[in-house]
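Could you take me through this model step by step, beginning with the ligand and then turning to the sheets and the backbone?

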Amino acid sequence: MIDLRSDTVTRPVPGMRRAMYTAEVGDDVYGEDFLVNELQEKVAGLLGMEAGLFVPSGTMSNQLAIRSHTQPGDELICDYNSHIFNYEGGAPALLSGVQLHPLDSEHGILNLEQISAALRPKDHHFAQTSLIALENTHNRAGGVVFPLPVIEEISTFAHEHNILMHLDGARLMHAVIASGLDPAAYGEQFDSVSLCFSKALGAPIGSVLSGSTTFIDKAHRFRKIFGGGMRQVGILAAACLYALENHVERLAEDHYRAKQLALTCQALGVLEHDLAWTQTNMVILAFPDGDAARWESELKKAGLLVSAVNDQRIRMVTHLDFDDDQLRNAKEILKKTIG
Ligand code: TLP
């Protein structure tokens, strides 16, 4: 079975398992796990930020950022298709008492005009906008890279209005490889960034939230309160450090294979957008008749696992465990099943 439901389905490679097996550990709640400390410093350094915090998941990373940047009753501007709005269980309301203000966007790319129009007046009738969250690469848009010049415009405007900026950078390394930009070029536009290791980078678990020392200190307290204080997790940090060392440059292979799949889908007339929107490791298929679930199950019967995002869209995600042989087979399955 070829599994393209998500890039979360990868299994640790032998080298990663060896690094985990031989990891020296300490108690991270005491701040004594050497590898956790190394990972936090390394990721913060890559993003040009002061400090980092190792957390179990991308969701916790985003939610700690929201809790630490806002007060209950505040408003957070995000994209209508963002992970924070769609897939985090309503956590901003539950954990931070924050109201979301989701905006429509083209391909997940919010722009300055719509953000400035969405800002609440300084009046007691309104929730106060205190945070803007962007997503790069953008999951529901199909792995689209958020253009840096647009981020810069939004960030300058936000900071002029005392609004903080968070980046859901679960797949930021894809944007880095696709754009050729330094991670810090993105990092310096934000007050916090969450970066995941359990997706594209092939580790079994883990995300690092980065920001200023004051912000991370606050997030550290909330991590404990939310039940995310962990102990001898150098064993997990070792996997993430291995991933940083070995699994970043290779993301270009995932992008190449996604493009090949997109070409097949284009020829079959089911690629959602122009090929130019397949920018990283995701391919979105469109089924305007609303039968995406049926195609999902037909493809499964033929040996290809994909995920129907809704009744009109199917997502395929390339990853570390998807090689050229599987690419050949996946293309054949697509042609035989849909063609
Ligand atoms: N995304 C998962 C599902 O939740 C949809 C996937 O298969 O793509 N931000 C972004 C942009 C994400 O794509 C995800 C996971 C997260 C945050 C949350 O990460 P986890 O699953 O570690 O909480």
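The questions and replies below concern a predicted model.

Me: How many residues surround the ligand, and which are the closest?
Reply: The closest residues around the ligand in this predicted model are Ser-6, Thr-59, Asn-139, Asp-168 and Arg-171. Among the helices and strands, helix α3, which spans residues 58-69, gives the most to this shell, with 3 residues. The number of residues that surround the ligand is 15.

Me: How many residues of the shell around the ligand are nonpolar, how many polar and how many charged?
Reply: Polar contacts are counted here for N or O atoms within 3.5 Å, and the side chain of Ser-6 places such an atom 2.7 Å from an oxygen atom of the ligand. By class, the shell around the ligand divides into 2 nonpolar, 7 polar and 6 charged residues.

Me: Which residue has a polar side-chain atom 3.0 Å from an oxygen atom of the ligand, and what percentage of the ligand's accessible area does the protein cover?
Reply: A nitrogen atom of the ligand is 2.7 Å from an N or O atom in the side chain of Asp-168, while the polar side-chain atom that lies 3.0 Å from a ligand oxygen belongs to Lys-199. On its own the ligand has 510 Å² of accessible area, and the share of this that the protein covers is 80%.

Me: What is the strand order of the open sheet of 7 strands, and which are its edge strands?
Reply: This open sheet has mixed pairing, and its order is β2-β8-β7-β6-β5-β3-β4. Neighbouring strands in the sheet are turned against each other by 20 degrees on average, direction ignored. The strands that pair on one side only, and that are therefore the edge strands, are β2 (51-55) and β4 (99-103).

Me: In which sense do β2 and β8 pair, and at about what angle does α3 run to β8?
Reply: Strand β8 (residues 207-211) joins β2 over 5 bridges, and the sense of the pairing is antiparallel; Leu-53 stands opposite Leu-209 in β8. Helix α3 lies across β2, β3, β5, β6, β7 and β8, and the angle at which α3 runs to β8 is about 25 degrees.

Me: Why is one side of β9 and of β11 left without a neighbour in the sheet of 3 strands?
Reply: The order of this open sheet is β9-β12-β11, with antiparallel pairing. Strands β9 (282-286) and β11 (307-310) stand at the edges, so each is left with a single partner strand.

Me: Which residue in β12 is the bridge partner of Asn-310, and which helix packs on the sheet touching β11 and β12?
Reply: Strands β11 and β12 (residues 313-317) run antiparallel and are joined by 3 bridges, and the partner of Asn-310 in β12 is Arg-313. Helix α12 (residues 251-268) packs on the sheet and touches β9 and β12. The helix that touches β11 and β12, with a direction at about 175 degrees to that of β11, is α13.

Me: Which peptide bond is cis, and what is phi of His-107?
Reply: Most residues other than glycine have a negative phi, and most peptide bonds are trans. The bond from Asn-136 to Thr-137 is cis, with omega near -5 degrees, and Thr-137 is found in the loop between β5 and α7. His-107 is found in the loop between β4 and α6, and phi of His-107 is positive, near 55 degrees.

Key:
Residues are numbered from 1 along each chain as its sequence is written. This is a predicted model: local features need pLDDT of at least 70, side-chain atom pairs count only at pLDDT 80 or more; totals for chains, interfaces and linings use all residues. Side-chain values use heavy atoms; hydrogens and water are left out. A residue is near a molecule or strand if one of its heavy atoms lies within 4 Å of it. A polar contact is a pair of N or O atoms within 3.5 Å; within protein, one must be able to donate a hydrogen and the other to accept it, and residues adjacent in sequence count only if both atoms are side-chain atoms. Accessible areas come from the Shrake-Rupley method with a 1.4 Å probe; for residues, only the protein chains shown count as cover. Helices (H or I, at least four residues) and strands (E, at least two) are DSSP runs, numbered from the N terminus. Ala, Val, Leu, Ile, Met, Phe, Trp, Tyr, Cys and Pro count as nonpolar, Asp, Glu, Lys and Arg as charged, and the others, Gly among them, as polar. Two strands pair if DSSP finds at least two bridges between them. Axes are lines fitted to C-alpha atoms, for helices over the stretch in contact, and angles run from 0 to 180 degrees between N-to-C directions. Contact means heavy atoms within 4.5 Å.
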